[in-house]
Amino acid sequence: MEQSGVVFGTSGARGLADNMSDMVCFAYTMGYLQHLATIGEFSPHTMVAVAGDLRPSTPRIMGACIAAIKYMGGEPVFCGFVPSPTLCHYAFSLRIPSLMVTGSHIPADRNGIKFNRAQGEFLKDDELAMRDQNIELPEEMFNVNGKLIKPVAFPPVTNIIPSFIARYRDFFGADALSGLCLGVYQHSAVGRDVLTDIVEALGGEAIPLGRSKNFVAVDTEAVRPEDVSLANQWAAQGKFDAILTTDGDSDRPLLADKHGNWLRGDILGILAARFLQAASVTTPISSNTALEKSEFARHTQRTRIGSPFVVAEMMKAAAAGIVPAVGYEANGGFLLGTNVTFEERTLSALPTRDSVLPMICALVAARREQHGLAGLVENLPPRFTQSDRLADMPTERSLSHLALLQENPDESLENLGFSKICGLLAHIDKTDGIRMTFRNSDIVHLRPSGNAPELRIYVETSSPERTEELLRIGMKILEKWRNPSTEKQFLTS
């Protein structure tokens with residue numbers, strides 16, 4: 001890990017694709033399987049499911065992982081190029097380990113490996129235990145550049161898509177989306193065709209849009225201006241009731257109303273949790289506070305950002321009998337911790353990020369209440385969130401600035417200009433990064449990304465205009481942090 005620069009982020013191992021050599025990926029997979037062996041989830045002849053997204057580097061990395069599984073005596077099950085939740089749905093049902101080669105929403109020059117246990121996500125305790133594994137690489141299998149000498153034979157593809165589509169058809173019904181015309185923004189998402197098939201299986205009309213041969217880094221939490229423009233163009237045609245899309249590995253949703261307005265993932269999570277009549281809702285500290293203000297769930301809890309943290313706390317609620325127990329992230333990924341029943345039909349638990357469930361819940365709710373998506377959102381408490389990122393910002397520099405801010409927040413906020421904009425500080429939450437709540441109810445949250453050298457900013461206020469203004473000003477302030485000379489000025493200010 002130290003030599004390659006490929007390290008654990010919030011969702012598995014991530015790094016530059018060039019740094020993820022065959023040897024590095026082989027080593028990671030060995031460590032993963034050795035850890036599973038210590039907890040009784042892997043032994044010779046154990047099946048291990050493998051899938052990947054549509055990045056150019058994914059097939060090669062999958063090959064290295066498959067080679068490692070074979071070397072360790074396991075039986076790789078090649079599921080092809082399918083969404084992360086589709087892989088998990090299959091593997092969890094069989095109680096077998098699985099890994100997904102994906103960089104999720106980050107640029108195409110990066111990639112990653114997301115590891116899963118036999119019945120749930122790889123949690124932080126698993127990550128620490130995996131780090132401690134001592135492995136002995138078969139160096140004779142690699143050349144001096146860390147490339148496998150012999151080509152890897154992939155097993156035949158196991159088609160796991162039909163059962164995933166049936167999951168939603170059987171729960172919502174074959175006419176749940178009847179009468180709706182839905183645009184499916186496909187770009188390079190690995191689940192672009194699966195999403196289209198699910199819409200049609202539920203009786204909706206699916207119109208593919210924007211399919212791309214090249215990888216497009218769609219971030220459901222920091223929506224690109226290009227995607228805002230595309231949604232507005234498609235909505236202007238006047239024929240779509242909504243537009244659906246996902247990120248690269250299709251575990252994070254992005255849903256736009258008929259006007260082309262993309263819904264925030266944390267708003268979508270509220271709509272889905274309310275539709276499913278969740279008793280317990282777990283979400284990261286960065287999510288919109290309209291959740292608590294809505295008062296539909298008798299138990300809510302906040303965590304650090306990252307699905308492993310959400311899963312861990314969600315399952316504690318489930319174990320305590322506060323059910324249905326669900327979780328969601330600000331990026332829209334929705335987690336079903338327990339079975340849920342709707343109109344005498346039961347949907348089985350899927351405790352990993354799912355992009356399909358929240359979008360279908362919101363669409364069905366909008367259709368039944370005849371308010372449309374925009375109407376559902378308007379009926380929520382008036383809290384508005386936006387986020388952005390300062391790309392190519394070294395994590396070390398971000399941490400340095402945040403440490404100074406934490407040490408003397410009042411003086412630092414005054415020097416930066418936030419005090420002039422937001423007034424006096426009321427509260428600081430250090431659950432993940434620094435989340436500052438001001439007395440006027442404005443919220444500014446800063447944290448380094450766990451997946452890439454980026455500094456994330458989240459803002460929340462009581463109006464869309466105020467939120468947009470605060471995000472714009474916040475990004476201008478953070479831009480000053482790029483330059484080391486600016487950092488020195490900040491240190492001495």
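Which strands and helices do the buried residues of H3 pack against? The structure above is a predicted model, and this question is taken up once the whole chain has been described.

The protein contains 17 helices and 22 strands. Its radius of gyration is 22 Å, close to the 23 Å that the globule rule gives for 493 residues, so the protein is as compact as a globular protein of that length. The C-alpha trace spans about 65 × 60 × 45 Å along its principal axes. Of the 493 residues, 60% are buried. Among contacts with a separation of 6 or more, 68% are between residues 24 or more positions apart. On the outside, the protein exposes about 19,600 Å², and carbon and sulfur atoms supply 50% of that area. Charged side chains number 47 positive and 57 negative, and the centres of these two sets lie 1 Å apart.

Now to the opening question. Helix H3 covers residues 84-94, and 9 of its 11 residues are buried, so the helix is mostly covered. The buried residues include Ser 84 at the start of the helix and, further along, Cys 88, Tyr 90 and Phe 92. The buried residues of H3 pack against strands E3, E4 (75-78), E5 (98-101), E6 (110-116) and E17 (350-354), and against helix H5. After H3 comes Arg 95, which has a positive phi near 60°.

Helix H5 also takes part in the next topic, the aromatic rings. A pair of aromatic rings is described by the distance of the centres and the angle of the planes. A search of the whole structure finds 15 aromatic pairs. In one of them, the ring centres of Phe 26 and Phe 142 are 5.2 Å apart and the planes stand at 85°, so the pair is edge-to-face. This pair links distant parts of the chain, for its members are 116 residues apart. Phe 26 belongs to helix H1 (residues 22-38), while Phe 142 is in the loop between helix H4 (124-131) and helix H5 (161-172). Both Phe 26 and Phe 142 are buried.

Another pair is made by Phe 164 and Tyr 168. Their ring centres are 5.1 Å apart with planes at 85°, so this pair too is edge-to-face, since planes over 60 degrees apart count as such. Here the two residues both lie in helix H5, 4 residues apart, which is about one turn of the helix. Phe 164 and Tyr 168 are both buried. Aromatic residues also gather in a group: Phe 8, Tyr 28, Tyr 32, Phe 115 and Phe 122 form one aromatic cluster.

Some details of the backbone come next. Most residues other than glycine have a negative phi, and most peptide bonds are trans. The bond between Val 323 and Pro 324 is a cis peptide bond, with omega about -5°. Pro 324 is found in the loop between helix H10 (307-319) and strand E13 (325-328).

His 45 is not a glycine, yet its phi is positive, near 80°. His 45 sits in the loop between H1 and strand E3 (47-52). Is this residue buried or exposed? His 45 counts as exposed because its relative accessibility is 61%, and the cut-off for exposed is over 50%. Ser 250 likewise has a positive phi, near 60°, and lies in the loop between strand E9 (242-246) and strand E10 (253-256). With a relative accessible area of 3%, Ser 250 is buried, as the term applies under 20%.

The last stop is helix H7, which runs over residues 225-235 and holds Asp 227. Asn 232 lies in helix H7 as well. Asp 227 has a relative accessible area of 0% and is therefore buried. Asn 232, at 38%, is partly exposed. Which residues does each of them touch, leaving aside neighbours within four places in sequence? Asp 227 is in contact with Tyr 185, Val 218 and Trp 262. Asn 232 is in contact with His 259 and Gly 260. As for a residue further along the chain, Leu 390 is 158 residues from Asn 232, and their C-alpha atoms are separated by 25 Å.

Key. Residues are numbered from 1 along each chain as its sequence is written. This is a predicted model: local features need pLDDT of at least 70, side-chain atom pairs count only at pLDDT 80 or more; totals for chains, interfaces and linings use all residues. Side-chain values use heavy atoms; hydrogens and water are left out. Buried means under 20% relative accessible area, exposed over 50%, partly exposed in between (1.4 Å probe, protein chains only). Contact means heavy atoms within 4.5 Å. The radius of gyration is taken over C-alpha atoms; the globule rule is 2.2 Å times the number of residues to the power 0.38. Accessible areas come from the Shrake-Rupley method with a 1.4 Å probe; for residues, only the protein chains shown count as cover. Lys and Arg count as positive and Asp and Glu as negative; His and the chain ends are not counted. The place of a charge is taken as NZ of Lys, CZ of Arg, CG of Asp or CD of Glu. Rings of Phe, Tyr and Trp (its six-membered ring) pair if their centres lie within 6.5 Å; planes under 30 degrees apart count as stacked, over 60 as edge-to-face and the rest as tilted.
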